[in-house]
Structures are given as structure tokens and as C-alpha cells.
Amino acid sequence: MNREDLANAMTLTAKQTELGFFKSNGHREEEGESKVEPYVGLEFDSAEDAQEFYNIYATQSGFKIRIGQLYRSRTDGSVVSRRFVCSKEGFQTNARTGCPAFIRVQKNDSGKWIIANIKKEHNHELELPGQIRPARIQRKTFPAPRAAPMSSRTGIRSFEEDGPSGVIDLKRLKREEEEGETKLGFVGEPQKGLEFQSANEAYKFYNAYAASVGFKIRIGQLFRSKNDGSITSRRFVCSREGRQHPTRVGCSAFMRIQRQESGQWVVDRLHKEHNHELDSPTDSSRRISATPKVYKEETMSELENLDLVETNGAFSLVKKGRGSNVGSDWYDVLLEYFQARQAEDTGFFFAVETVDGKFRNAFWADGLSRFSCSQFGDAIVFDTTYRRCSYTVPFASFFGINHHRQLVLLGCALIADESEESFTWVFQTWLKAMSGRYPLSITADQDRAILHSIAQVFPATHHRFSTWQIIAKQHENLGALLSIDPEFKYEYETCISLSRTPNEFDSKWNMLITKYNLKENGWLKEMYRMRKSWVPLYLKGAFFANIPVDGSMKTYFTTLLTTQTPLNEFIIRYEKGLEQRREEEKKEDFNSYNIPAVLHTKDPIEEQCRRLYTLGTFKVFQKELLECYGYVGMKVNVEGAISRFMVQKCGDGDEKNTVAFNASNLNISCSCKMFESEGVLCRHALKVFQIMNVKELPSRYVLHRWTKNAKYGVLRDIDSGGGSQDYKALMLWSLRKEACDYIDAGAVSLERYKLAFEIMQEGRRNLCWQN
């Protein structure tokens, strides 16, 4: 059987002689047909063989595949790992659903490729076997170690061409610079409508302009035709664009060129303003080779460390190797701190990742953070503030919201680089430290590396994008329109914030795109595809513990850790910030138990919640209770024990919500989804309870995490429907905390020790007698 027949086969013969491209241990030894089934440890002679194998498996199962990411050796740049993914992975087109199914093959010392990771579950319906035509696998050589950054071996036309292809021939530019042949065809300010014969010429022009103004440039995004894959537009950006490195500050200056039917390239978009100070300008009339040698070498070094890699069906420039922003001096400092803390705190957890003996990533969490996660780890924030500015310390933190609605620390990390592998390691390590408890939601950046890592480690967790990043990209892509046209700004914000149904959102969005001629705006296309991670409408019903969606939440360490915090002060400031936050929590603990909240009604439900909730949460509930008196509810439908009510604000016919109430078990749900997303009943549900004369809230509607007892793990107020396994982590850490306090109290004196020991023995005997 040749490879073409194999790639199109719906079943395969398990005879090793006919299937020499993978080991016989992957299938039955006897003759006949068998279904392909990948598993960890399955071995192949090459990555291409693994791709063919996965393609056949996909055909039999009812889905298609694409080539995913590759990883290179830090030593020699050779490809050592590859991912092949479901064709519906990611959100780059409307047809994609972010499917997590994939296999990852890794090259071992013998040169064989072995399946190292696999995920078989899909988040979409599969086709029936036989309905999927297998993709034709093109046998080609994958990029070789240390290949030139844009090699024609990828299957794209040669980069030696010049003209309408849109390819930037970096080697040619460098050679011309060294030989002194590169002269500018255009001198002066870039402007819309400016024409060039080739993309190379446009690059040289913008590079010379940048030198004359006082900044450096990089090659930005490119866009390809859906028909033939040819390059249709290119962006050249300020070298300080983005936030992937401490020296980058998110500068939005760029020039974009568009290919015309004539083959010429025209500047169609331009942004000249920078958000940072510029360097001293050089004479723009000089040749490009007059650029300082240091800059020239730095630029070419950066570009030659890029590879053209096929990812998600397109081609992208990616780094060959991954550097580390964390110096080697960190290891000794942190290890000493970790060991000292572990000696003091038996619950302290830390992990350090090293590669080739070099410090790479670190994670740590003390016993109190791990205890807090058992109570408040349902909704977490992965805070990477260090990425927004030039932070000396690449410090990231996990935090949640405690029962007082304060920030609570759930772990810390130092991230050497911003690769998917680094983020995946940090997330997996956090999960191990927190007893394997998965959060319901996570608020984090939308970068591709973080997106993929969250999908891999937290596949069922709802990922919400960080607002600061959306605002920054919004300013970059829509800034001019938002500032110039107030009507567009109003319609844009109304569409995002006030849409109540998916159909309403789609209608407003499409009208906006058409009215303002934004159909070709790539950023808006991408954001629409990922709307479930940032549009409020689609976030309803996912539990976020009242973490603000508008980005108003301050970072846990506020101003203590700044962009200029040096290594020798980092630990000191970190400990100080931790102490301050925990003192604030202790103060609220005291207030909740000793300062009763003022009641505003005679409703027994208000008294019940004052007794159970902390002061902070009770204020939120009390506001909803008082507001419900300004609403009216009308029964609109009855189906058995379930009654449906239309609840609307008095005098405001536009604000309407539907509430379903089950009289047999007192279950209630509202279309506003406040309880599902915040864990506190809304005014609409409370109005229906009033109408139905319910005098006490069922315990399932008073979440334990918001009560005074949440921190101490007292579970008597939790609905009896939950099993002990649901609260295993909470019980474990609650008992551990109580035991630590008990030991401290019992070790004060010999008399107290004897009493504590007798009590402990008696308690242990009583526990052993229980069935």
C-alpha cells in the first residue's frame, strides 16, 4: 500500500509489512482490518508518519486535522516536538470552536517520534465515519535546524523573488546594505496612497524614515489571500510594539501596505504617534547601510532567529529558540527563600523548572494560599501586570475573591519567557499545588500562548479576557474612529454592553460593520470569533465571583511591586504586601463577627442573611433586597409545579426579566443569571419569593463561600445534597489549619501539652468508632 492510498483509506490493514511507517505494537498482529487508535507511547519513524497516522484516525472518527505548533531544541534549533490538531481548533474562523483534541509527538534520542500527549475529546459533533474525505498529506521536509528564517522549503514560493509576491527578502537587504547598494526610492514622510514597486522597497523606505525620526522597526503581521495564499498586505511596526518583552511598551505606530491588482503596493493604513520617547534621529537621506552597525546587527540577528512555520493553516514568523528573562542569580536567592519558608510552614509548596541546568520558571504558594484556594478557587485571575510595562521582575500571580470580596492570593510564579510551554507548566503546577481542583472560570490575557495553555490545562474552565488588553488593542485598531466619530463610539459600546440576546448582538454588530465599512478589519473579525470570552452577554451564567469585568480590580500587590523593583528587594516587598493584605482580611473577619449590619426591612430573609453573610456580601444582598421593592411581578405561565413570572421595574417597561419558580422544591432561576455568575440572588428572584410568601432562603441559595464561616470550613450551612467528595479539599485544609492552631496552643506549657494530647487521643478513638 503506497502512502497516497494509505492517506485516503477509511480502514487499514494491521500487517506490519504493509504499514511500515509505525510500529506493530500500535495495532493487532493478526491480518484483517482494525480501527486506528492513538495512545501515548505509540512510535513512528518520522513526524510526517505521525501526521498520516492521525489523519487516518481522524477520517475514521469523523473529523479533519491541521498542523499545529512545533517546538525546537534550545541547543541546536532542530524540531523536537510537533502538534497535530482538530481542524476546529482555535477561533480564527466562524467554523472553528476551540476544539481541544490533538496529539503531540516528541522526538527521542534514537530519532524516533513518540506520542507524548493526547486529548481525544472534541467540543463539537463529529461526522459519521465515511463522510469525511481524508486530507491529502503532502510529503515534505519539515524546517531543518537553523534554517534561514524564510526558506522556500516550506512550500511557499522562493523568497529570492522581488515584486508583487510581498515577501521581504532579508538576506538580500542585508547583502545590499553590506555592499552599499541600497538607495532609497522615496525620502520624506510616509502618507496614505504612497506607492511602491515591491514590499522590499516599502520596508526600506519605512526603515529609513524610522532612522530619520528616531525609532526602529520590525516586520509585523501579514495577510494572505484565501484563494491562492499569496500575500495581500503587510505591516511594519515600531520595534516597541507589543508587550512580549520588557523593552516593549505596546507602541501603536505602524505602516501597512496593500497589494494592488497592478502588482504595486500602496500605503493604506498609517499611525505615526508613539507612546514612548524617540531616540536621536539620523540623516534620512543616507543609505540604509548608514544605520548604526549595532542596530543593524541587532535587527538582523532578531530576524534571523525567526522561522516561517505553518500554524493553524497559515504561516507565521516564530522564534527558533526561547530565551529567558530571568537571570541565573535568581535561582540561589529564590531557593534559599523557598527552603526557609518551607521550614516555617509545612503547607508551603514550591516548584522550579530548569532546562540544561539553567533556571527557567518558578511557582510557589504558602499553606494559607492553598487553604484559601479550597474555599475561593472557583473563580481565579491570572494576573500578568508585568507584561504591560518594562518590569524588572517577570512576576505573575493567581488570586481570587474571598468571602469579604477582597483579593486573596492563590499562588505566585516567575515566568522566564512567554511561550505556551512556560504558561502550561505554570498552570499545571498551580493545579498540583491546589489538590487538583479546577476553577470554574479564569480571567487572563488573550494571547495565543495563554489561550492554548488554558485550553489544555483547564479544558472545562470559562476563560474571560483581561480588559486592559482589549482596551489597548481597541485603541490600536479603532482609536481614530472612536475619537473622531461620537456616533460610532455610542453604537459600538451599546452593541457590546447592552445587547441582551445573541441575535440582538449579531444584528447590531453586523449593522455596525456594514455602516462604517469595517468588514475587512482583521481585529474585529477575530474579536467576533472570540466573543464568548469578552462580551458581557456571553459571560452571563459563568461564575466569576463578582470580579469586575471592566478591569477596575487593582492588582494584589498594588504599588509595592513596580517596574523598577530589583531582585534584592523583591522578596522583602512581596512579604510586606502579603502581610498587609492578610491583615485587612483579619480586620474584616473581626468586623463581620462583632459589628452587626443595620436592617432596613422586617423581611425575615434579611435577618437570615445578616446572620450568615459577611458584612461585604450582606451589603450586596441587602441592595438587591431593597431594590426588589421597586419591581412588580406578573405570573405569565404555569406548567405543573413551575410558574413563570415577568418581573419589571416600576415605570420602566424596557427592563424585563423572566423568573421560573418551582413550588415543590423552591427552586428559582432568573434570566439575568446574577446568582449563577455572582452567587447572590438578584432582585427579580427575591421579588418572586415575596410574591410566593417564602420567608427563608433555601440553603443552596446562600453560598458557603460568602458566609462568615467560609474561612473556617464549617459546612453545616451547606445543602445536604452535596457529597463529601465535593468538599474533600475544603475539609482537608480546614482540618489542617485547625490542627496547626491546636498544636500551637498545646505546646505553650507541659500542662497544656498533656491536656491537648489526652483530648486528641479521645477524639481519635471517637473517630475510629464511626462507620
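Asp 366 lies in the loop that connects strand β16 (358-365) to helix α7 (367-376). The model described here is predicted. This briefing covers the surroundings of Asp 366, helix α4, a seven-stranded sheet with a helix packed on it, and the pair α16 and α17.

**Asp 366 and its surroundings**

- With a relative accessible area of 5%, Asp 366 falls under the 20% limit and is therefore buried.
- The side chain of Asp 366 forms a polar contact of 2.7 Å with the side chain of Arg 582.
- Leaving aside residues up to four places away in sequence, Asp 366 touches Arg 341, Asp 345, Gly 347, Phe 348, Leu 578 and Arg 582.
- Arg 582 thus appears both in the list of residues touched by Asp 366 and as the partner in the side-chain polar contact.

**Helix α4**

- Helix α4 comprises 15 residues, 199-213.
- From first C-alpha to last, α4 reaches 21 Å, close to the 21 Å expected at 1.5 Å a residue.
- The helix is mostly covered, as 12 of its 15 residues are buried.
- Among the buried residues of α4 are the aromatic side chains of Tyr 203, Phe 205, Tyr 206 and Tyr 209.
- Ala 199, Ala 202, Ala 208, Ala 210 and Ala 211 are also buried in α4, as are Asn 200, Lys 204 and Asn 207.
- Gly 214 follows α4 and has a positive phi, near 120°.

**The seven-stranded sheet**

- An open sheet of mixed pairing is formed by seven strands, in the order β15-β16-β19-β18-β17-β20-β21.
- Its edge strands, β15 (349-355) and β21 (462-465), each pair on one side only.
- From one strand to the next, the twist averages 20°.
- Strands of a sheet pair through backbone hydrogen bonds, in either a parallel or an antiparallel manner.
- β15 and β16 run antiparallel and are joined by seven bridges.
- Ala 351 stands opposite Phe 363, a residue of β16.
- Helix α9 (residues 448-457) packs on the sheet, where it touches β20 (441-444) and β21.
- The direction of α9 makes about 160° with that of β21.

**Helices α16 and α17**

- The axes of α16 (residues 604-612) and α17 (residues 615-628) come within 10 Å and cross at roughly 170°.
- Because angles over 145 degrees count as roughly antiparallel, α16 and α17 are roughly antiparallel to each other.
- On the α16 side, the contact is made by Ile 605, Glu 606, Cys 609 and Arg 610.
- On the α17 side, Phe 618, Phe 621, Gln 622 and Leu 625 make the contact.

Conventions: Residues numbered from 1 in each chain as written. Predicted model: local features only at pLDDT ≥ 70, side-chain atom pairs only at ≥ 80, totals over all residues. Heavy atoms only, no water. Helix = DSSP H or I, 4+ residues; strand = E, 2+ residues; numbered from the N terminus. Buried < 20%, exposed > 50% of the residue type's maximum accessible area, 1.4 Å probe, protein only. Polar contact = N/O pair within 3.5 Å; in protein donor to acceptor, adjacent residues only side chain to side chain. Contact = heavy atoms within 4.5 Å. Expected span 1.5 Å × (residues − 1). Pairing = 2+ DSSP bridges. Axes fitted to C-alpha atoms, helices over the stretch in contact; angles between N-to-C directions. Parallel < 35°, antiparallel > 145°, perpendicular 65-115°, else oblique.
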